[in-house]
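User: Please give me a close look at one part of this structure: its salt bridges and what surrounds them. I'm new to this, and plain words would help.

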Amino acid sequence: MPESPSIFTSNNFSITTTSFNRFTQTNKWIEFVAHLSQFSEMSIASTHEMIELLKDNEPLNTRKATLLAGIGRCQIHEGDLITGAKTLGYASTLATDKDLDTQSLITMEMSSFLAITGQYDLALILLDRIPKLTKSKYLLKLANYYRLVLQTRKGDYSLNTDLINSAEYFKEINENATLAYHYKNIGNIYRKQKEYDAADTYYIKALEIAQAMEYRHIESAVTHDQGMLRYHQHEFNDAIEILEKAYHLADSYYTKSFILMNTGYLHFGNNNWQSASPYLQDSMKIVTKYNLYFLLPSLTYLLGKSHEELGNPAVSVYYYRKGYESAMELLSHHFPCTGFRKKVINIYVKTLSENHGKQGHSESGFGDLSFAIDKTLQQIRAIFQGSVFETVGFQHRKVDDIIADLGIPRRTYFDTKKRINRLYPGIPQAYCVDFYNTNSELTWSELNQKYDFEICSFLFEKYKFNKTVLSKKLSVSYTHAIKLTEGMSKPVLHKKLGRD
């Protein structure tokens, strides 16, 4: 098979039986099997049976390449783009020179992947290979459809008529999934041309097919597009309601997180930062839990900008930093530096430049402890512990790894999570994150004790060294306030804080 772009590297890569079993029961896999049946001239049921036999009987390389193309397609559609690209790269190394149809199929999946990442020109170059590889009418028609979609995404809306004509072929052969996607893309083009009634007509056509065939992933995607259409029609409340429906229809965590992000983005677009943040934060929780790295740069950029507008610069920089790190990770896997990846890198570098040389304990820096003012001790501790759990959670996929990193008993971890559930606001506090990173060598007990001392030192001075006021603010007994401030007389405190 011809050389593939470097993003599809497959060095030291292998596929497991678990990967096969995970995807071969999904609607996305059934959709892929429908593609195979068209150019293998077998029924969908027969093709599915053949695939199952291949899966169970260690297929020859060329047949395994076909299976891997399907697995890669499913991985990419579920948001695991890095693994999906590697799977397609591995599949390409197994496709023999004689099996040109398999080469064509893998090439088209690679082109589709590149389109998702915004590399339209490179995707088109790959599609140019298809007519030289295969004589299959179906594969050539499919490649033509991919080409039309790519060119329209680059702004050539005059090709909408060609897309409508392309849809007729897939309608004639009853290739329903691709037909639904045709209607979805035609609707999107009409929306971009502000022909909203025509857009809605094609969305409805796509939905009718998706619902009839029980393609829930397509139904969710089209419903999402309907929500975006309502937004462009200035029907904001309807848009949010439809996006909520799309969220509940979604059959993958990637789609759910994407829809939540776009819901937040609509609020963001209306300069409603306070309403945007919860949607973006809920999306972030899914993204970090399931390692959906591709969405991190856009999410962190939007969260950072929202908190910047809300007057939370420390939290804003925290998200910009996370976005920068995720973007650089994607770039190391040969993703292009475009779109939100470029935006979040640029804004983080700019923020670092603007804050260079500022003192650590400024009102807007990472040393800002104002978040603790007028909060109870329970709330203050919950903010810290929640921030630490979330910070360590960014670095690990499994709970056991988080527990091991923190060095705490499993029961302590879950008891703490349960206790702080209602008190932790869901947004990592920048001071707490940096405090943990600076003191991560401490035991869990030592870490919390040191944090309590830092916070109480700050609050004791803030409340004019009045233990009665401190006890009331923290909602603790006066006796406990005395214990917390032990050794914090004015001279001692000033010396500890470096204010002699």
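Analyst: A salt bridge is a side-chain nitrogen of Lys or Arg within 4 Å of a carboxyl oxygen of Asp or Glu. Before we hunt for them: this is a predicted model, where local features need pLDDT of at least 70, side-chain atom pairs count only at pLDDT 80 or more, and totals for chains, interfaces and linings use all residues. Residues are numbered from 1 along each chain as its sequence is written, and side-chain values use heavy atoms, with hydrogens and water left out.

Let's start with the whole picture. The protein chain has 27 helices and 0 strands (DSSP runs of H or I, at least four residues, or of E, at least two, numbered from the N terminus). Of its 500 residues, 52% count as buried, meaning under 20% relative accessible area, with exposed over 50% and partly exposed in between (1.4 Å probe, protein chains only). Take the contacts (heavy atoms within 4.5 Å) between residues at least 6 apart in sequence: 63% of these join residues at least 24 apart. The structure holds 11 salt bridges, and we'll walk through some of them.

Our opening example is Glu325 with Lys322, whose side chains meet in a salt bridge at 3.7 Å, N to O. Both residues sit in helix H18, residues 313–332, and are 3 residues apart, about one turn of the helix. What about the surroundings of each partner? Lys322 is buried because its relative accessible area is 13%, while Glu325 counts as partly exposed because its relative accessibility is 40%. Helix H18 also contains Ser326, which is buried, with a relative accessible area of 7%. Setting aside neighbours within four places in sequence, Ser326 is in contact with Leu296 and Pro297.

Next up is a pair that ties two helices together. Arg410 forms a salt bridge with Asp400, and the closest N and O atoms are 2.3 Å apart. This one links distant parts of the chain: Arg410 is in helix H22 (residues 410–420), Asp400 is in helix H21, and 10 residues separate them. Arg410, at 45% relative accessibility, counts as partly exposed, and Asp400, at 47%, counts as partly exposed too. There is also a network, in which salt bridges that share partners join Asp200, Arg230 and Glu235. Hold on to those names, as they come back below.

Stay with helix H21 for a moment, which covers residues 399–406 and includes Ile403. Ile403 is buried because its relative accessible area is 9%. Leaving out residues up to four places away in sequence, Ile403 touches Ile408, Pro409, Arg410, Tyr413 and Phe414. Notice Arg410 in that list: it is the salt-bridge partner of Asp400. Looking the other way along the chain, the C-alpha atoms of Ile403 and Gly393 are 9.7 Å apart, with their positions 10 residues apart in the chain.

Now for a buried pair. Asp225 forms a salt bridge with Lys184, with the closest N and O atoms 2.8 Å apart. Here too the pair links distant parts of the chain: Asp225 belongs to helix H13 and Lys184 to helix H11 (residues 176–192), 41 residues apart. Asp225 and Lys184 are both buried.

Each of those two helices has a neighbour worth a look. For helix H13 (residues 216–232) it is H12 (residues 196–213): their axes come within 9 Å and cross at roughly 165 degrees (axes are lines fitted to C-alpha atoms, for helices over the stretch in contact, with angles from 0 to 180 degrees between N-to-C directions). That makes H12 roughly antiparallel to H13, a label for angles over 145 degrees (under 35 is roughly parallel, 65 to 115 roughly perpendicular, the rest oblique). The residues of H12 that meet H13 include Tyr196, Asp200, Tyr203 and Leu207, and on the H13 side Val222, Asp225, Leu229 and Arg230 are among them. Asp200 and Arg230 are the network members from before, and Asp225 is the partner of Lys184.

For helix H11 the neighbour is H10 (residues 160–172), and these two axes also come within 9 Å and cross at roughly 165 degrees. So H10 is roughly antiparallel to H11. Among the residues that meet are Leu163, Ile164, Ala167 and Phe170 in H10, and Leu179, His182, Ile186 and Ile189 in H11.
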